[in-house]
Amino acid sequence: DGTVGTLEITNIRCAHKPTYEVSFYLEDSLLQTKDFVEGEMPFYDGDTWIQTEGYEFYIEGWKPNIVPVSANASYVAVADSSVRHFEVSFNDEYDNRLYSTTLPYGATPQYMGLEPFKFPSEEYTYTFKGWGVEICGKKCTVEYLPTLPPVTSDVYYYPVFDSARIEYTVKFVDHDGRTISSQKYYYGTEAEDIVLPANPEWSGYTFEG
């Protein structure tokens, strides 16, 4: 068609030669499988730096030594490995960091800071219970963990508090300030649920309320 140029053809193989399957492993994990023509020198062209859940591997070679293909073969990586480290952060309920550390995979985290504190409201007082993780769906909540699990990734913990309703003293006193009756009621108790004492008597006066 009049086109002038160069056509480059790569990976030419002799059709009459058999091919064999060569597999490359990192420990028990299959990294790559490739077909090579008989007599060809097999090679691995995948990642040489690999992360698993708990470890990092840098592939330095293969065992046994790689030789030209004459049958199906498997090679296992000779790798330098190290334990992965993860950040563990303990935050308050406003996401301010209270304490953080870096731990190796599988280590159990411990909080080494001051005990978290939550100011009481009009209705409740709060006591620190322990730590939890944030679970978010339509709304984010903190799920309490009785014990902190071993580290497998970066993780953020948040304080969990037990709440107790506050009781207030309702006291009825006479005109001299002496107590007629005294009783505790939870915050929010309706007025009609307050137990009234007997009407006090004072000479020359009629009790109104």
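This note goes through two sheets, a hairpin and a single residue of the structure above.

1. The model is a predicted one, in which local features need pLDDT of at least 70, side-chain atom pairs count only at pLDDT 80 or more, and totals for chains, interfaces and linings use all residues. Residues are numbered from 1 along each chain as its sequence is written, and side-chain values use heavy atoms, with hydrogens and water left out.

2. One open sheet consists of 5 strands in the order 2-1-5-4-3, and its pairing is mixed; strands here are DSSP runs (E, at least two residues), numbered from the N terminus, and two of them pair if DSSP finds at least two bridges between them. Strand 2 (29-37) and strand 3 (49-51) stand at the edges with a single partner strand each, so one side of each has no neighbour in the sheet. On average, neighbouring strands of this sheet are turned by 30° against each other, direction ignored, where the axes are lines fitted to C-alpha atoms and angles run from 0 to 180 degrees between N-to-C directions.

3. Within that sheet, strand 1 (residues 19-26) runs antiparallel to strand 2 and is joined to it by 8 bridges, and Phe24 has Gln32 in strand 2 as its bridge partner. The hairpin of strand 1 and strand 2 has 2 residues between the strands, and in this hairpin Glu27 takes a positive phi near 55°.

4. Strand 2 also holds Val37, which is buried, with a relative accessible area of 8%; buried means under 20% relative accessible area, exposed over 50%, and partly exposed in between, with a 1.4 Å probe and protein chains only. From C-alpha to C-alpha, Val37 and Ala79 are 27 Å apart in space, and they are 42 residues apart in sequence.

5. A further open sheet, again with mixed pairing, has 5 strands in the order 7-6-10-8-9. Its edge strands are strand 7 (97-104) and strand 9 (140-144), each of which pairs on one side only, and neighbouring strands of this sheet are turned by 40° against each other on average, direction ignored. Strand 6 (residues 85-91) and strand 10 (residues 155-165) run parallel and are joined by 3 bridges, and the bridge partner of Val88 in strand 10 is Val155.

Key:
Helix = DSSP H or I, 4+ residues; strand = E, 2+ residues; numbered from the N terminus.
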